[in-house]
Amino acid sequence: MDKFIVQGGTPLNGTVAISGAKNATLELMPAALLAPGAYQFTNTPNIRDVWTMSRLMASMGVHCELNDNILHINTANITSQEAPYSYVKQMRASIHVLGPLVARYGYAKVSLPGGCAWGPRPVDFHLKGLEKLGAEITLDGGYIIARAKRLRGANITFDIASVGATFNLMAAATLAHGRTVINNAAIEPEVTAAGRLLQKMGAQIEGLGTPTITIEGCDNLKPANIETIPDRVETGTLLVAVAMTGGKATLTNTNPYHLAVVLEKLEEAGCELDIRADEITLTAPDQLKPVDVVTAVYPGFPTDMQAQWMSLMTCAAGTSTVQETIYKDRFSHVPELARLGCDIHVSENVATIRGGKGLTGATVMSTDLRASVAMVLAGLVAQGQTEVLRIYHLDRGYESLELKLEALGASIRRVKTDQL
Ligand code: UD1
């Protein structure tokens, strides 16, 4: 297992390039199951979740190869329509193969994501939507089994705009008979990116990036190539790192429009931003101001940025709050941040951060991707040495994070360890 050793106290300065978006890639890859043949996705991040999706798809007979951030996929010889628990438990986005498989093969067997029971959450929207499209869904031995001769178009309305369910149903509807309308669809850039690939494959889709997506089903799609959009969460995370450490840095190869609310909040906190078409330069203030955030579906403040925001706010002069409305108990990072001296109190879905108290290095660990990176950020400003254990969580979604931080001047090393 690897850990990071971070020596805090260095302002980050310089320029780094942002990688392709994890969550977009995890939709683009399953979309390739809809039409047999060769695909090429440029700007693909070299991260653990992409390896997991590659291995899952390889278990179905798909050839996946990632070289120099170009992902080559060949879906010409699919031998199985099954997503085993061994992959799905590692990565919930494995559920994204469900819609494409049942649409193209009339059959899919996909493990329920680990730790989740059949019930109102967490994949009920996916299943109810597929049933509306005419699939017969059964549950057997922890697996979702979906069957359909041919899906047929339907009107689907989500109670909550769900990223994964919008992808699954939009993808499935491309090969259905007739028209599908998805109301209250997710408008996240990653869903739109997947929709653009489907359009390039020949799908008739209107309304991408709006809450109403209309899909006119067709008989066949063809393979296509696409460039993955920049990762908005990686962009936000590195901006926070620069802001916290009191530095000045430029992030290139990004899309500022995809994180407008985060940029506004950084400005409110006193950061100076120079925003260009695909670059952002952030200059940290002498003293950060406390700023409250409430997570919300896109274009609101992303839940995937709240842990990092808490780390930032521990450096602000005063008290701020983070209200989590998407995953109401997503606070596993709080007790670990407390080990570094962060003063954060959680009541229901609101965390109150009393900033400006100074952090001290410690050994910390985490149980999820964004929580892990929040520890690294706090370690960058803590006095002395911080060890972040279990960084395999972080490796799921950040490409060479330590190299990027090092390029900006941080003292951070990846070390092999037996510590769990
Ligand atoms: C995606 C992102 C994840 C991000 C999340 C919210 C990927 C791979 N992951 O996850 O990083 O944190 O969006 O922005 O893209 N819900 C249900 N039933 C369902 C589906 C969702 O109740 O069937 C609820 C969820 O519990 C949550 C909300 O809907 O409260 C939004 O979840 P959703 O957008 O589906 O998240 P994911 O697609 O899983």
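# Ligand contacts, sheets and helix packing

User: How far is an oxygen atom of the ligand from a polar backbone atom of Phe 125?

Analyst: This is a predicted model, in which local features need pLDDT of at least 70 and side-chain atom pairs count only at pLDDT 80 or more, while totals for chains, interfaces and linings use all residues. Residues are numbered from 1 along each chain as its sequence is written, and side-chain values use heavy atoms, with hydrogens and water left out. A polar contact is a pair of N or O atoms within 3.5 Å; within protein, one must be able to donate a hydrogen and the other to accept it, and residues adjacent in sequence count only if both atoms are side-chain atoms. For Phe 125, the distance from its polar backbone atom to an oxygen atom of the ligand is 2.8 Å.

User: How many residues surround the ligand?

Analyst: A residue is near a molecule or strand if one of its heavy atoms lies within 4 Å of it. The closest to the ligand are Arg 92, Pro 122, Ser 162, Val 163 and Asp 304. Pro 122 also places a backbone N or O atom 2.8 Å from an oxygen atom of the ligand, and a backbone N or O atom of Ile 326 lies 2.8 Å from a ligand oxygen. The number of residues surrounding the ligand is 19.

User: Which strands stand at the edges of the open sheet with the order E10-E11-E13-E12?

Analyst: Strands (E, at least two residues) and helices (H or I, at least four residues) are DSSP runs numbered from the N terminus, and two strands pair if DSSP finds at least two bridges between them. The open sheet of four strands has the order E10-E11-E13-E12, with mixed pairing. Each edge strand has a single partner strand, so one side of each is left without a neighbour in the sheet; the two are E10 (155–157) and E12 (204–206).

User: By how much are neighbouring strands of this sheet turned against each other on average?

Analyst: Axes are lines fitted to C-alpha atoms, for helices over the stretch in contact, and angles run from 0 to 180 degrees between N-to-C directions. For the strands of this sheet, however, direction is ignored, and the average turn between neighbours is 15°.

User: Which residue in E13 stands opposite Asn 183?

Analyst: Strand E11 (residues 179–183) runs antiparallel to E13, the two being joined by five bridges. E13 (residues 212–216) is also antiparallel to E12, through three bridges, with Ile 205 paired to Ile 215 and Gln 204 opposite Glu 216. Opposite Asn 183 of E11 stands Thr 212.

User: What is the approximate phi of Gly 207 in the turn between E12 and E13?

Analyst: E12 and E13 form a hairpin, and five residues lie between the two strands. Gly 207 belongs to this turn and has a positive phi of about 90°.

User: Which residue in E7 stands opposite Ala 83?

Analyst: A further open sheet of four strands has the order E6-E7-E9-E8, with mixed pairing. E6 (82–83) and E8 (136–140) are its edge strands, each with a single partner strand, so one side of each has no neighbour in the sheet. E6 pairs with E7 (residues 107–111) in the parallel sense over two bridges, and the residue opposite Ala 83 is Val 110.

User: Which residue in the turn between E8 and E9 has a positive phi of about 55°?

Analyst: E8 runs antiparallel to E9 (residues 143–147), to which it is joined by five bridges, and Leu 139 stands opposite Ile 144. The two strands form a hairpin with two residues between them, and the turn residue with that phi is Gly 141.

User: At about what angle do H1 and H2 pack?

Analyst: In the contact (heavy atoms within 4.5 Å), Lys 22, Thr 25, Leu 26, Met 29 and Pro 30 of H1 meet Asp 49, Val 50, Met 53, Ser 54 and Met 57 of H2. These divide into six nonpolar, two polar and two charged residues, where Ala, Val, Leu, Ile, Met, Phe, Trp, Tyr, Cys and Pro count as nonpolar, Asp, Glu, Lys and Arg as charged, and the others, Gly among them, as polar. Angles under 35 degrees count as roughly parallel, over 145 as roughly antiparallel, 65 to 115 as roughly perpendicular and the rest as oblique. H1 (residues 22–31) and H2 (residues 48–58), whose axes are 10 Å apart, pack at about 10°.

User: Which proline follows the cis peptide bond that starts at Tyr 298?

Analyst: The bond has an omega near 10°. Its proline lies in the loop between strand E18 (293–294) and helix H10 (306–313), and this residue is Pro 299.
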